[in-house]
Amino acid sequence: MIQTSRIISKYLLQFCLTIFGIGLITATSFTLLLPKGERLVEFWNQLQIFFWSFFYFSHLEVYLKDFQYVPFSSVFLEPYMYSFTILFFAFLISIIAALILSYAVNIGPKSVRKIINSVLFFMQSIPDVIMICGLQIFFLWIFNKTGVKIVDPVNGFESKAYVLPIFLVSIIPTIQLFQMLCLAIQEEKIKDYVEYAKAKGLSNSWIMIRHILRNVTITLLSNSKLIFWLMISNLLIVEKFFNMQGYFTFLFNNTGSPEIFFMALVLLFIPFFLLEIIFKQIVLKMKGGEAI
């Protein structure tokens with residue numbers, strides 16, 4: 001019980017310090033260009049506004065272009081959920097694809113291994129911006145030649161693009177996860193339990209699925225933070241090129257309102273913070289420790 005209280009206190013302290021750090025960075029960025037005599041006073045005022053924004057969240061308002069103020073929650077929820085839907089499915093696809101590729105490389109013949117490694121190396125060497133532009137041009141070319149719209153390449157007024165953004169956001173995380181898993185699998189292969197399983201006559205495929213992939217899941221979950229930040233950076237580029245009315249579009253449209261900008265950053269941080277805690281508890285449990 002005491003250990004659980006300490007862990008909860010640790011996470012609460014980490015959460016509060018991170019929120020405070022977001023507030024410091026946001027306040028600094030909004031007051032940096034002010035005259036020196038006004039900078040410190042305005043900086044302190046901004047921090048106080050950020051603090052009270054949590055208690056008066058329902059009163060936060062967003063200024064629209066038609067000279068109207070609307071509640072923050074009424075205009076933020078839709079782009080927020082749109083972007084996080086893309087992030088969620090991109091994360092699932094990255095995990096599944098990385099596991100399948102890792103299995104194929106370590107079980108399949110050398111020819112398959114060379115092809116997969118070559119393709120992934122080539123894709124990793126292409127800058128995100130060029131890849132996004134290239135795929136947009138490719139799908140538009142197909143639509144122009146055949147009249148077949150494979151995916152929605154850009155947002156419309158009544159529709160949202162999902163398939164291509166999810167695919168693009170998942171590419172780099174898939175490659176990173178694949179490389180991590182391959183290294184973890186190589187480390188697992190030299191352990192005693194693998195040699196013992198082979199001596200019992202178990203197939204490589206069975207050993208990979210039943211034992212090795214289950215153990216390397218710890219590596220996958222332990223590096224979730226890196227994967228999340230890769231996906232967020234990719235989403236930023238994808239939203240810009242696809243004219244998506246998502247989270248980052250909302251964020252950059254409200255750079256004139258410090259408290260709205262701050263609260264949007266906090267709401268971006270919270271779900272990833274909670275997921276990181278969940279993954280840490282799963283890893284702790286898998287290692288034989290006691291989770292909360």
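Helices (H or I, at least four residues) are DSSP runs, numbered from the N terminus. The structure is a predicted model, in which local features need pLDDT of at least 70 and side-chain atom pairs count only at pLDDT 80 or more, while totals for chains, interfaces and linings use all residues. Residues are numbered from 1 along each chain as its sequence is written, and side-chain values use heavy atoms, with hydrogens and water left out.

Phe 76 and Tyr 80 both belong to helix α3, 4 residues apart, or about one turn of the helix. Both residues are buried, that is, under 20% relative accessible area with a 1.4 Å probe and protein chains only. Helix α3 spans residues 72-107 and also holds Val 105. Val 105 is buried, at a relative accessible area of 5%. Its C-alpha atom is separated by 7.3 Å from that of Ile 116, 11 residues apart along the chain.

The largest nonpolar core (buried Ala, Val, Leu, Ile, Met, Phe, Trp, Tyr and Cys residues joined through side-chain atoms within 4.5 Å) has 77 residues. Phe 72, Phe 76, Val 169 and Tyr 247 have the most contacts inside this core. Beyond its neighbours within four places in sequence, Phe 72 is in contact (heavy atoms within 4.5 Å) with residues including Phe 57, Leu 60, Phe 250 and Leu 267.

Aromatic pairs, with ring centres of Phe, Tyr or Trp (its six-membered ring) within 6.5 Å, number 27 in the structure. Phe 76 and Tyr 80 form a tilted pair (planes neither under 30 degrees nor over 60 apart), at 4.9 Å centre to centre and 35° between the planes. The rings of Phe 228 and Phe 272 are also tilted, with centres 5.0 Å apart and planes at 50°. This pair links distant parts of the chain, helix α9 (residues 224-241) and helix α11 (residues 258-286), its members being 44 residues apart.

Conventions: Buried < 20%, exposed > 50% of the residue type's maximum accessible area, 1.4 Å probe, protein only. Helix = DSSP H or I, 4+ residues; strand = E, 2+ residues; numbered from the N terminus.
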